[in-house]
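Please read the points below against the model itself. They are short and can be checked one at a time.

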Amino acid sequence: MALGRYSRIDNRRSSSNYCSTVTVVIFVALCLVGVWMMTSSSVAPVQNVDDAAQENKNEVKDTPTENNKETTTQTQPFEDNPGDLPDDATKGDTNAGTSQSESSSNVQEEQKEKPEEKPEKPEEKSEEKPEEKSEEKAEEKINDQTNSEDLKKDDVNAGTNPQEEQKEKPEEKTEEKPEEKSDEKFEQKPEDNKFNDETNSGNDQQNDQSKTNEGDAKTEDEGSNNNEGEKSSDSNNGNPSGQENSGENSSEQKSDVSGDQKSDNTENVAQPEESSGEKPDQTEGKAIQSNNTESESPSDGQNGDSQSNNHNSTDVFPTGVHADLLNETTTQSGSFSTQATESKNEKQYQLSAKKQSDFSWKLCNVTAGPDYIPCLDNWQAIKSLPSTKHYEHRERHCPEEPPTCLVSLPQGYKRPIEWPKSREKIWYYNVPHTKLAQVKGHQNWVKVTGEFLTFPGGGTQFKHGALHYIDFIQESVPDIAWGKRSRVVLDVGCGVASFGGFLFDRNVLAMSLAPKDEHEAQVQFALERGIPGISAVMGTKRLPFPARVFDVVHCARCRVPWHIEGGKLLLELNRVLRPGGFFVWSATPVYQKLPEDVEIWKAMGKLTKAMCWEVVSINRDTINKVGVATYRKPATNECYEKRKKQDPPMCTGTDDPNAAWNVPLQACIHKVPVKELERGSQWPEQWPERVQKPPYWLLSSQVGVYGKSAPKDFTADYEHWKTVVNKSYLNGFAAALKDVNVWVMNIVSVDSADTLPIIYERGLFGIYHDWCESFSTYPRSYDLLHADHLFSKVKKRCNVVALVTEVDRILRPEGKLIVRDETSVINELETIFKSMHWEVRMTYSKTNEGLLFVHKTMWRPKEYETLPYAIA
């Protein structure tokens, strides 16, 4: 960059005709140089600096050289008066006409500046001063007599090196501490470039390099690194004389950088440490950004304030060895992260790893194997039952402590076939059970076809397909009106749930229900096919549904003894059936004349009459060769009041028909609501209007779960989830999915607001459950789970790890989980799921509320944990 140096070299060729007296002057100058070289103790450091400069030669060449005029001016204090130089040597020099007196004044100015740097090298104090005087005397003498080329060459060696030596010694620290490059690179590199070229390159090479710099300055500027390019650009744009200031007042600029920027550097270095506590993943990025800002600010400060700070630089910049303290401080703001940040990140990583290692996952060693349902496979409780007469052994018997082991996968498990193909066939190895195919194969329930299980017909009562059977029912009872008046159906004794599976084609949702009995895995077949269902039995307790919610109850040869014990089981259906709803019964007593069937038919006729059920239709399907009897529940209490014999009796006024969690069955009839604004007194709106219209029985005087009046609360909830589903990830959640080809099992916790009746009123379905226990479904039932503040509520009452293992049990491999909860809970869950090798796809938090989206993998642990109560 030092074009003045090249100018003097070019002048050498024009000075060959000078008088012989020049030779004498050259001899004297050489003698002075020789004496200086023999006595000086600073030669070795200069050589060291030269070596360092050699190593950084490429970096020096990268320094921008667009402004050749300014660069030439930068080197003038260390060179002869350019006024006597030829025109070709001073081309581009803005100060080509400067007089010799100006050069002398510059030399005097440099002499004033040197004491500022003397404390940095105290051991050279006694030698540098005489050295400088003798050099300057020689320089003045040479200027008085001639400007010959050889004299210039000697002057470069004798007059420039001592000053450059003082300039370059701080640069040794720069080479030893790369972090300082970002702060001092701009002001030191021009001097470094000059020194390196003068001491290590020939005159011809310098001439070539001068031409290269003049002709290819833009190319070198484009090839420079980002930091150097940005600094040079800022300097040239912010202060046109910045290069001149850099050459003449480099020591003052160092003072400006190290002194004025000290407080700024300290603050910026602290930012990554503070931010690392909030967002560890972004700590490094913040540190780099902070350092980028710091590396740009010194050059701006130098260009804008260097001249104004020249007079007091000694007051700002510490002297002697104390100057290194500021250099050490600025290294913290380099492109390297601090030790504090690195250590803090490592501690956080180790803490996270330790938390994950605290979870030692094992597989459940149980009799049921990969089909384990904790509350239905508690053999210890089942064996201790006093009786199984009322199917007590098929009911829920949860262990005292829920399991925290993981359920294994069936050997050869594959990702389930997608809907609607799954309705026709599933992978055999996903549900490797053949007993049902052997027992019910002739009835077209299920068949083994290669690597698939296929479902050609669907059930005993509709061997030739469920759709024909469904249409036959509507033809028999047009008021059923599938998909309009009748939207939500309970299918009792569902088998493999083909009835419910094909009701989708009529815009009807069916809750399929069957026990885990000798009909091996029938509900599991349904769930694998993508049809909703639960494992439950009509035994001694109420079903987990509110009162008066199902539009239709269906039983196709469900083998339930409706007529025994005062009709207790049929009365339970009466509780959950909506007033004016239909009970569709397709069983052998309807169309066969066997003695047992005849006896059951008579008992059912007597019972249904006592319950005031109206026989709407009894028809025979000639294709399937089955009969279907359809009953209607009364919509008023008039029939109950006219009964001569109160058998079954009416339930007492204290009996709440909506109470359904572990409530024993009673053989009584609940009255029908008759008040205009009481739920059950009117039939809901037809589908699909009912999904978005507030139920008639929601009163403005009632306060909803969100604090608004009940109707407004309903509308707000619907609009909220519609927006969330549409904009985020596809109750209100289920209603928002009505236009998507999926079904949602809404599970209302027993300790939450009872909104399940509203869900059914809208034409959707769900179930009550206590999440401190396992859910009544087979493993790998669902593709997606959505938990809205569930974990934070459960955490207050029971083991959240057990809930996580239950989530793992019922979610399919490669299934998704969305959690909306408190930020602290989200962070805890993220750690647990990572320990289970789940993939965390997204986390988000704002104002103590968080969102977690995770993806379950196929990973299973290798070790086993035996559960004694689950061993048959």
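The points below cover a buried helix, a set of salt bridges and a pair of helices.

1. The model is predicted, and side-chain atom pairs are counted only at pLDDT 80 or more. Every contact between side chains below should be read with that in mind.

2. Start with helix α25, residues 568-576. Of its 9 residues, 8 are buried, so the helix is largely enclosed by the rest of the structure. The buried residues are L569, L570, L571, E572, L573, N574, R575 and V576. The list thus takes in E572, N574 and R575 along with the leucines and V576.

3. What covers α25? The cover over its buried residues includes the strands β5 (488-492), β8 (550-556) and β9 (577-586). The helices α27 (595-610) and α28 (638-642) are also among the elements that cover these residues.

4. Salt bridges come next; the whole structure has 25 of them. One of these joins the side chains of E761 and R578, at 3.2 Å from N to O. E761 has a relative accessible area of 4% and is therefore buried. R578 is buried too, because its relative accessible area is 1%, and the cut-off for buried is under 20%.

5. The pair E761 and R578 does not stand by itself: D551, R578, R690 and E761 are linked in a network of salt bridges. Anyone inspecting one of these four side chains should display the other members of the network as well.

6. A further salt bridge is formed by D371 and R780, with 3.6 Å from N to O. Both D371 and R780 are buried.

7. Are K693 and E685 buried or partly exposed? Their side chains form a salt bridge at 3.0 Å, N to O. K693 has 42% relative accessibility, so it counts as partly exposed. E685, at 39% relative accessible area, is likewise partly exposed.

8. The last topic is the packing of helix α33 (residues 800-810) with helix α34 (residues 823-835). Their axes come within 11 Å and cross at roughly 55°, which means that α33 is oblique to α34. The crossing of the two helices, α33 and α34, is right-handed.

9. Which residues make the contact between α33 and α34? From α33 come V800, V801 and V804, and these meet E828, L829, I832 and F833 of α34. By type, the contact has 6 nonpolar residues, 1 charged residue and no polar ones. An α-helix has 3.6 residues a turn, so residues three or four places apart point the same way.

Note on methods. Residues numbered from 1 in each chain as written. Predicted model: local features only at pLDDT ≥ 70, side-chain atom pairs only at ≥ 80, totals over all residues. Heavy atoms only, no water. Axes fitted to C-alpha atoms, helices over the stretch in contact; angles between N-to-C directions. Helix = DSSP H or I, 4+ residues; strand = E, 2+ residues; numbered from the N terminus. Parallel < 35°, antiparallel > 145°, perpendicular 65-115°, else oblique. Left-handed = near helix turned anticlockwise from the far one by under 90°. Contact = heavy atoms within 4.5 Å. Nonpolar A, V, L, I, M, F, W, Y, C, P; charged D, E, K, R; others polar. Buried < 20%, exposed > 50% of the residue type's maximum accessible area, 1.4 Å probe, protein only.
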